[in-house]
Amino acid sequence: MLTFTHDGGTFSLTPERLAIAGWAGRDQAGVRHHIEELAELGVQPPSATPLFYRVGREQLTQQEVVQMLGGHGSGEVEACLVSDAEGTLWVTVASDHTDRKLEAVGVAESKQLCAKPVAREAWRFDEVQLHWDQIELSSVIEENGQAVTYQLGTLAELLDVPTLLAQLPAPLASNGALAPGCVLLCGTVPTRGGIRPSRHFSMSLHDPVLGRTLHHAYHIEELEVVQ
(Lines give C-alpha, C1' and ligand atoms only; values in the text may rest on other atoms or scores of the structure.)
Protein backbone atom coordinates (compact mmCIF):
# COMPACT_ATOMS: atom_id res chain seq x y z
CA MET A 1 0.00 0.00 0.00
CA LEU A 2 1.15 3.53 -0.82
CA THR A 3 0.26 6.48 1.43
CA PHE A 4 0.51 10.09 0.27
CA THR A 5 0.25 13.34 2.16
CA HIS A 6 -1.17 16.46 0.52
CA ASP A 7 -2.48 19.87 1.55
CA GLY A 8 -5.84 18.42 2.54
CA GLY A 9 -4.57 15.43 4.49
CA THR A 10 -3.59 11.92 3.35
CA PHE A 11 -4.83 9.14 1.13
CA SER A 12 -3.76 5.54 0.69
CA LEU A 13 -3.84 3.33 -2.36
CA THR A 14 -3.20 -0.32 -3.06
CA PRO A 15 -2.05 -0.10 -6.70
CA GLU A 16 -3.65 -2.44 -9.19
CA ARG A 17 -1.38 -1.76 -12.18
CA LEU A 18 1.90 0.01 -12.92
CA ALA A 19 3.24 1.20 -16.27
CA ILE A 20 6.30 3.19 -17.31
CA ALA A 21 6.28 5.43 -20.37
CA GLY A 22 9.48 4.98 -22.36
CA TRP A 23 10.81 7.20 -25.15
CA ALA A 24 8.25 9.82 -24.10
CA GLY A 25 10.12 12.99 -25.07
CA ARG A 26 8.15 15.76 -26.78
CA ASP A 27 11.27 16.75 -28.71
CA GLN A 28 12.27 13.85 -30.94
CA ALA A 29 15.89 15.05 -30.90
CA GLY A 30 15.87 14.52 -27.14
CA VAL A 31 14.36 11.07 -27.59
CA ARG A 32 17.11 10.15 -30.05
CA HIS A 33 19.70 11.41 -27.55
CA HIS A 34 18.37 9.09 -24.87
CA ILE A 35 18.21 6.19 -27.34
CA GLU A 36 21.85 6.87 -28.26
CA GLU A 37 22.80 6.97 -24.55
CA LEU A 38 21.34 3.54 -24.07
CA ALA A 39 22.75 2.22 -27.36
CA GLU A 40 26.22 2.82 -25.90
CA LEU A 41 25.22 0.28 -23.26
CA GLY A 42 24.08 -2.21 -25.89
CA VAL A 43 20.34 -1.50 -25.59
CA GLN A 44 18.34 -2.12 -28.75
CA PRO A 45 16.28 0.86 -30.05
CA PRO A 46 12.51 0.77 -29.46
CA SER A 47 10.02 -0.43 -32.06
CA ALA A 48 7.84 2.64 -31.49
CA THR A 49 7.69 5.77 -29.36
CA PRO A 50 6.31 6.09 -26.80
CA LEU A 51 6.17 2.56 -25.39
CA PHE A 52 4.42 1.60 -22.15
CA TYR A 53 6.32 -1.00 -20.15
CA ARG A 54 4.26 -3.00 -17.67
CA VAL A 55 5.93 -3.64 -14.32
CA GLY A 56 4.67 -5.59 -11.31
CA ARG A 57 2.85 -3.31 -8.88
CA GLU A 58 4.86 -4.88 -6.05
CA GLN A 59 7.92 -2.99 -7.28
CA LEU A 60 6.52 0.34 -6.04
CA THR A 61 8.08 1.38 -2.73
CA GLN A 62 8.26 4.45 -0.52
CA GLN A 63 11.22 3.16 1.49
CA GLU A 64 14.45 5.14 1.77
CA VAL A 65 16.71 2.09 1.75
CA VAL A 66 16.10 -0.33 -1.12
CA GLN A 67 17.82 -3.67 -1.71
CA MET A 68 18.82 -4.40 -5.31
CA LEU A 69 20.86 -7.11 -6.95
CA GLY A 70 24.32 -6.10 -8.15
CA GLY A 71 25.71 -2.65 -8.82
CA HIS A 72 24.64 -2.01 -12.40
CA GLY A 73 21.45 -0.10 -11.66
CA SER A 74 20.77 3.62 -11.98
CA GLY A 75 17.77 5.85 -11.30
CA GLU A 76 15.69 8.03 -13.60
CA VAL A 77 13.58 10.83 -12.15
CA GLU A 78 10.01 10.92 -13.49
CA ALA A 79 6.72 12.65 -12.84
CA CYS A 80 4.36 9.95 -11.64
CA LEU A 81 0.57 9.98 -12.09
CA VAL A 82 -1.56 8.15 -9.55
CA SER A 83 -5.28 7.53 -10.01
CA ASP A 84 -6.93 6.83 -6.67
CA ALA A 85 -9.87 4.51 -6.06
CA GLU A 86 -12.34 7.27 -7.02
CA GLY A 87 -10.42 8.15 -10.19
CA THR A 88 -8.99 11.43 -8.88
CA LEU A 89 -5.65 12.10 -10.57
CA TRP A 90 -2.59 12.95 -8.47
CA VAL A 91 1.02 13.69 -9.35
CA THR A 92 4.13 12.76 -7.40
CA VAL A 93 7.79 12.03 -8.18
CA ALA A 94 9.30 8.57 -8.72
CA SER A 95 12.40 6.83 -10.00
CA ASP A 96 12.43 4.28 -12.79
CA HIS A 97 15.46 2.53 -11.34
CA THR A 98 16.76 0.16 -14.03
CA ASP A 99 19.39 -2.56 -14.18
CA ARG A 100 21.62 -1.36 -17.04
CA LYS A 101 23.40 -4.67 -17.53
CA LEU A 102 20.14 -6.54 -18.03
CA GLU A 103 18.77 -3.66 -20.14
CA ALA A 104 21.12 -4.74 -22.93
CA VAL A 105 19.26 -8.08 -22.93
CA GLY A 106 15.72 -6.73 -22.60
CA VAL A 107 14.37 -3.33 -21.52
CA ALA A 108 11.14 -4.69 -20.06
CA GLU A 109 13.02 -7.35 -18.09
CA SER A 110 15.49 -4.81 -16.70
CA LYS A 111 12.69 -2.57 -15.44
CA GLN A 112 10.89 -5.45 -13.74
CA LEU A 113 14.03 -6.42 -11.81
CA CYS A 114 14.31 -3.14 -9.89
CA ALA A 115 12.19 -1.43 -7.25
CA LYS A 116 10.50 1.84 -8.23
CA PRO A 117 10.88 4.34 -5.36
CA VAL A 118 8.03 6.85 -5.00
CA ALA A 119 7.71 9.99 -2.86
CA ARG A 120 5.34 10.15 0.11
CA GLU A 121 3.73 13.46 -0.91
CA ALA A 122 1.47 14.23 -3.87
CA TRP A 123 -0.33 17.13 -5.55
CA ARG A 124 -3.74 17.11 -7.20
CA PHE A 125 -3.16 17.10 -10.95
CA ASP A 126 -5.79 19.78 -11.52
CA GLU A 127 -3.73 22.17 -9.36
CA VAL A 128 -0.78 21.98 -11.75
CA GLN A 129 -2.42 21.14 -15.08
CA LEU A 130 -2.38 24.70 -16.48
CA HIS A 131 1.33 25.22 -15.77
CA TRP A 132 2.47 21.60 -16.22
CA ASP A 133 5.23 22.50 -18.68
CA GLN A 134 6.91 24.84 -16.17
CA ILE A 135 7.40 22.14 -13.54
CA GLU A 136 11.07 21.26 -13.08
CA LEU A 137 12.41 17.72 -12.87
CA SER A 138 15.82 17.05 -11.29
CA SER A 139 17.96 14.35 -9.75
CA VAL A 140 21.23 14.26 -7.83
CA ILE A 141 23.65 11.37 -7.38
CA GLU A 142 26.71 10.91 -5.20
CA GLU A 143 30.14 10.62 -6.83
CA ASN A 144 33.42 10.54 -4.92
CA GLY A 145 31.61 11.74 -1.83
CA GLN A 146 30.13 14.76 -3.63
CA ALA A 147 26.55 15.55 -4.65
CA VAL A 148 26.38 15.88 -8.45
CA THR A 149 23.46 17.06 -10.58
CA TYR A 150 22.51 14.04 -12.69
CA GLN A 151 19.37 15.26 -14.48
CA LEU A 152 17.75 18.67 -14.87
CA GLY A 153 14.88 19.70 -17.13
CA THR A 154 11.21 20.62 -17.29
CA LEU A 155 8.08 18.67 -18.11
CA ALA A 156 7.89 20.68 -21.36
CA GLU A 157 10.54 18.25 -22.64
CA LEU A 158 8.14 15.32 -22.29
CA LEU A 159 4.82 14.41 -23.87
CA ASP A 160 1.95 16.18 -22.12
CA VAL A 161 -0.47 14.18 -20.01
CA PRO A 162 -3.43 14.20 -22.44
CA THR A 163 -1.17 12.90 -25.23
CA LEU A 164 0.23 10.15 -23.03
CA LEU A 165 -3.16 9.06 -21.75
CA ALA A 166 -4.63 9.06 -25.27
CA GLN A 167 -2.06 6.41 -26.26
CA LEU A 168 -2.22 4.40 -23.04
CA PRO A 169 -3.75 0.96 -23.69
CA ALA A 170 -6.51 -0.71 -21.69
CA PRO A 171 -6.81 -1.72 -18.90
CA LEU A 172 -4.53 1.12 -17.81
CA ALA A 173 -6.75 3.72 -19.45
CA SER A 174 -10.49 4.25 -19.30
CA ASN A 175 -12.21 6.81 -21.57
CA GLY A 176 -8.98 8.76 -22.08
CA ALA A 177 -8.17 8.85 -18.35
CA LEU A 178 -5.84 6.84 -16.14
CA ALA A 179 -7.96 4.01 -14.75
CA PRO A 180 -8.60 3.99 -10.97
CA GLY A 181 -5.88 2.21 -9.04
CA CYS A 182 -3.28 2.66 -11.79
CA VAL A 183 0.15 4.31 -11.55
CA LEU A 184 2.01 5.75 -14.56
CA LEU A 185 5.60 6.99 -14.69
CA CYS A 186 5.65 9.65 -17.41
CA GLY A 187 9.17 9.57 -18.85
CA THR A 188 12.50 11.15 -18.03
CA VAL A 189 14.96 13.82 -19.20
CA PRO A 190 18.55 13.19 -20.40
CA THR A 191 21.39 12.73 -17.95
CA ARG A 192 24.36 15.03 -17.54
CA GLY A 193 27.57 13.14 -18.17
CA GLY A 194 25.98 9.89 -19.28
CA ILE A 195 24.10 7.09 -17.59
CA ARG A 196 26.01 5.70 -14.60
CA PRO A 197 25.24 3.98 -11.30
CA SER A 198 25.14 5.54 -7.87
CA ARG A 199 24.11 4.06 -4.55
CA HIS A 200 22.38 7.29 -3.57
CA PHE A 201 19.67 8.89 -5.69
CA SER A 202 17.81 12.07 -4.80
CA MET A 203 14.92 13.33 -6.95
CA SER A 204 12.67 16.39 -7.03
CA LEU A 205 9.66 17.82 -8.83
CA HIS A 206 9.58 21.60 -8.34
CA ASP A 207 6.58 23.81 -9.06
CA PRO A 208 7.91 27.37 -9.56
CA VAL A 209 4.40 28.81 -9.96
CA LEU A 210 3.02 27.64 -6.61
CA GLY A 211 6.44 27.57 -4.95
CA ARG A 212 6.54 23.99 -3.71
CA THR A 213 8.60 20.85 -4.23
CA LEU A 214 8.04 17.11 -4.10
CA HIS A 215 11.20 15.30 -2.99
CA HIS A 216 12.35 11.78 -2.27
CA ALA A 217 15.77 10.18 -1.80
CA TYR A 218 16.81 6.57 -1.47
CA HIS A 219 19.95 4.56 -0.85
CA ILE A 220 20.77 1.27 -2.54
CA GLU A 221 21.78 -1.67 -0.38
CA GLU A 222 23.60 -3.78 -2.95
CA LEU A 223 23.07 -7.53 -2.81
CA GLU A 224 25.93 -9.80 -3.86
CA VAL A 225 25.53 -11.64 -7.13
CA VAL A 226 26.49 -15.26 -6.47
CA GLN A 227 27.68 -17.29 -9.45
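**Pocket, sheet and charge pairs in a predicted model**

Leu41 turns up in the loop between α1 and β4. The model is a predicted one, and in it Leu41 comes out as partly exposed, because its relative accessibility is 34%. Along the chain Leu41 and Trp132 are 91 residues apart, and in space their C-alpha atoms are separated by 32 Å.

The helix on one side of that loop, α1, also has a part in the largest pocket. This pocket holds about 290 Å³ of space. Its lining counts 25 residues, and those closest to the centre are Trp23, Ala24, Gly25, His34 and Thr188. Four elements each put at least two residues into the lining: β3 (17-22), α1 (28-39), α2 (100-103) and α3 (107-113). The largest share belongs to α1, with four residues. As for chemistry, the lining is a mix of eleven nonpolar, six polar and eight charged residues.

The strand β3, already met in the pocket lining, is also part of a sheet. That sheet is open, has six strands and mixed pairing, and reads β4-β3-β17-β8-β9-β12 in order. At its edges stand β4 (51-55) and β12 (123-124); each has a single partner strand, so one side of each is left without a neighbour in the sheet. For β12, the pairing with β9 (residues 89-95) is antiparallel and rests on two bridges. Looking at individual residues, Trp123 in β12 is the bridge partner of Val91.

Another pairing worth a look is that of β6 with β19. These two strands run parallel and are joined by five bridges. Within this pair, Val66 stands opposite Ile220 of β19. In a regular strand, side chains alternate between the two faces of the sheet. In β6, Val66 and Met68 make up the covered face, while Val65, Gln67 and Leu69 are on the uncovered one.

Strand β19 comes back in the charge pairs. Side chains of opposite charge can pair when their charged atoms come close, and the structure holds 13 salt bridges. One of them joins Arg212 and Asp7, with 3.5 Å from N to O. This contact ties together distant parts of the chain, 205 residues apart: Arg212 belongs to β19 (residues 212-223), whereas Asp7 is in the loop between β1 (2-6) and β2 (9-13). The two ends of the bridge sit in contrasting surroundings. Arg212 has a relative accessible area of 16% and is therefore buried, but Asp7, at 69% relative accessibility, is classed as exposed.

Arg212 has a further acidic partner. Its salt bridge with Asp207 has the closest N and O atoms 3.8 Å apart. Asp207 is buried, because its relative accessible area is 0%. Taken further, these contacts belong to a network of salt bridges that links Asp7, Glu127, Asp207 and Arg212.

A separate example is the salt bridge of Arg120 with Glu64, where the closest N and O atoms are 3.2 Å apart. Here too the pair connects distant parts of the chain, 56 residues apart, with Arg120 in the loop between β11 (116-117) and β12 and Glu64 in the loop between β5 (60-61) and β6 (65-69). Arg120 is partly exposed, at 35% relative accessibility, and so is Glu64, at 46%.

That leaves the cysteines. There are zero disulfides in the structure. For Cys80, the nearest cysteine sulfur belongs to Cys186 and lies 7.0 Å away, so no disulfide is formed under the cut-off of 2.5 Å. Cys114 is in no disulfide either, and its nearest cysteine sulfur, that of Cys80, is 16 Å away. Cys80 counts as buried, because its relative accessibility is 0%. Cys114 is likewise buried, at 4% relative accessibility.

Conventions:
Residues are numbered from 1 along each chain as its sequence is written. This is a predicted model: local features need pLDDT of at least 70, side-chain atom pairs count only at pLDDT 80 or more; totals for chains, interfaces and linings use all residues. Side-chain values use heavy atoms; hydrogens and water are left out. On a 1 Å grid over the protein atoms alone, a cavity is a set of points where a 1.4 Å probe fits but cannot get out, and a pocket is an open set with protein on both sides within 12 Å along at least five of seven lines; lining residues have an atom within 4 Å of a point. Grid points are joined across faces, edges and corners, and a volume is the space filled by probe spheres set on the points. Ala, Val, Leu, Ile, Met, Phe, Trp, Tyr, Cys and Pro count as nonpolar, Asp, Glu, Lys and Arg as charged, and the others, Gly among them, as polar. Two strands pair if DSSP finds at least two bridges between them. Buried means under 20% relative accessible area, exposed over 50%, partly exposed in between (1.4 Å probe, protein chains only). A salt bridge is a side-chain nitrogen of Lys or Arg within 4 Å of a carboxyl oxygen of Asp or Glu.
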